[in-house]
Amino acid sequence: MLKAGVLGAGHLGKIHLRLLQQSEKYELVGFYDPFTENAQKVAKEFGYKLFDSMESLMDAVEVVDIVTPTLSHFECAKMAIEKGCHIFVEKPITKTVLEAEAIKTLASQNHVQGQVGHVERFNPAFTAVSDKINNPMFIETHRLAEFNPRGTDVPVVLDLMIHDIDIILSVVDSKVKNVHASGISVISETPDIANARIEFENGCVANLTASRISMKNMRKSRFFQKDAYISVDFLEKVSEVVRMKDVPENPDEFAMILQNAEGVKKQIYFDNPDVEPNNAILDELESFADAIENGTKPVVSLHAGTEALRIAQMVIDCF
């Protein structure tokens with residue numbers, strides 16, 4: 001078991017503490033949070049060991065789980081890496097791309113592993129169809145949330161849209177060519193609603209919408225590719241694959257037959273893959289443990305986290 005410690009005991013930090021304690025791949029050593037009153041309350045209520053400084057926690061563990069506000073990610077990650085600790089850092093990896101590049105370099109120099117908490121990669125609705133997404137040419141995403149003061153220290157692009165940016169970058173094997181976007185602040189000091197159009201060199205186009213002032217929650221993505229359409233509902237955890245093929249001699253009774261303008265008959269197959277319930281946060285933490293133990297590349301590497309931040313920053317720069 002890997003000895004792990006958590007930095008940050010806020011809403012998400014408490015979830016990480018609980019899951020690390022439950023995991024068979026980690027030994028939860030303790031946590032540190034600079035807000036003394038909250039830290040002591042968490043320690044007393046759950047029995048976790050509270051360290052009196054980041055340094056003392058890092059000296060006692062092999063893995064540092066950074067669940068602090070984005071503005072402090074760089075400082076926490078840098079200190080952990082320099083002490084030889086592997087790092088799991090919540091998204092976005094850092095506040096700036098420059099900081100993210102520095103973290104990548106430090107991790108490489110110190111021979112430690114790093115993973116970024118883009119948890120939607122572990123959403124069962126996505127993992128059920130990810131191997132079926134092949135060279136999509138148009139992608140549309142909607143990520144809408146009711147207002148919550150948590151996360152308003154950063155624009156909605158870094159708070160919500162970056163999840164979809166990471167998913168898109170994981171399935172499109174091409175470099176970004178152009179980014180067009182608009183955003184507006186309504187409640188907070190940073191943009192609360194944004195729309196972006198990302199164009200890739202291979203011709204793929206992604207249209208993303210994110211809002212944290214919606215009347216309802218929605219987390220849906222649609223992927224269009226040659227002869228197939230794939231829908232993923234990250235919130236309801238359901239997915240659907242619709243494929244089109246030439247009509248065989250004995251068409252499937254569950255398929256629909258259409259005829260296009262050229263008179264070619266196509267058969268449409270509807271498939272709703274089985275979606276296995278899971279705890280995505282536990283899965284991402286344990287996949288990181290496997291990467292450390294086996295010396296393999298983490299599912300969401302520091303490089304992947306940096307690239308998601310890079311594109312997110314390009315979106316923000318359009319405002």
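This passage describes the two domains of a predicted model, the interface between these domains, and the salt bridges found in the structure.

The domain assignment of the protein places residues 2-112 in domain 1 and residues 123-275 in domain 2. The centres of domain 1 and domain 2, taken over C-alpha atoms, are separated by 32 Å. At the interface, five residues of domain 1 are in contact with seven residues of domain 2, and the two domains bury about 520 Å² between them, with 64% of this area on carbon and sulfur atoms. Of the area that domain 1 buries against domain 2, 69% is supplied by His-11, Lys-91 and Pro-92, more than by any other three residues. No salt bridges are counted between domain 1 and domain 2, although two residue pairs are in polar contact across their interface. On the side of domain 1 that touches domain 2, the residues divide into two nonpolar, two polar and one charged.

In the whole structure, a search finds 15 salt bridges. One of these joins the side chains of Lys-83 and Asp-59, at 3.0 Å from N to O. This pair links distant parts of the chain, 24 residues apart, with Lys-83 in the loop between helix 4 (73-82) and strand 4 (86-90) and Asp-59 in the loop between helix 3 (54-58) and strand 3 (63-66). Lys-83 is partly exposed, with a relative accessibility of 37%, whereas Asp-59 is exposed, with a relative accessible area of 56%.

A further salt bridge is formed by the side chains of Asp-166 and Arg-121, at 2.7 Å from N to O. Because Asp-166 lies in helix 7 (residues 156-171) and Arg-121 in the loop between strand 5 and helix 6, the pair ties together parts that are 45 residues apart in sequence. Both residues of this pair, Asp-166 and Arg-121, are buried, and the relative accessible area of Arg-121 is 14%. Beyond residues up to four places away in sequence, Arg-121 touches Phe-126, Thr-127, Asp-166, Ile-167, Ser-170, Val-299, Val-300 and Ala-304.

Helix 7 also holds Asp-164, the side chain of which meets that of Arg-143 in a salt bridge (2.9 Å, N to O). Arg-143 belongs to strand 6 (residues 138-144), and the pair links distant parts of the chain that are 21 residues apart; Asp-164 and Arg-143 are buried. Elsewhere, a network of salt bridges links Glu-101, Lys-104, Glu-307 and Arg-310.

Definitions and conventions
Residues numbered from 1 in each chain as written. Predicted model: local features only at pLDDT ≥ 70, side-chain atom pairs only at ≥ 80, totals over all residues. Heavy atoms only, no water. Domains from an automatic or database assignment. Contact = heavy atoms within 4.5 Å. Buried area = accessible area lost by both parts, 1.4 Å probe. Salt bridge = Lys/Arg side-chain N within 4 Å of Asp/Glu carboxyl O. Polar contact = N/O pair within 3.5 Å; in protein donor to acceptor, adjacent residues only side chain to side chain. Nonpolar A, V, L, I, M, F, W, Y, C, P; charged D, E, K, R; others polar. Buried < 20%, exposed > 50% of the residue type's maximum accessible area, 1.4 Å probe, protein only. Helix = DSSP H or I, 4+ residues; strand = E, 2+ residues; numbered from the N terminus.
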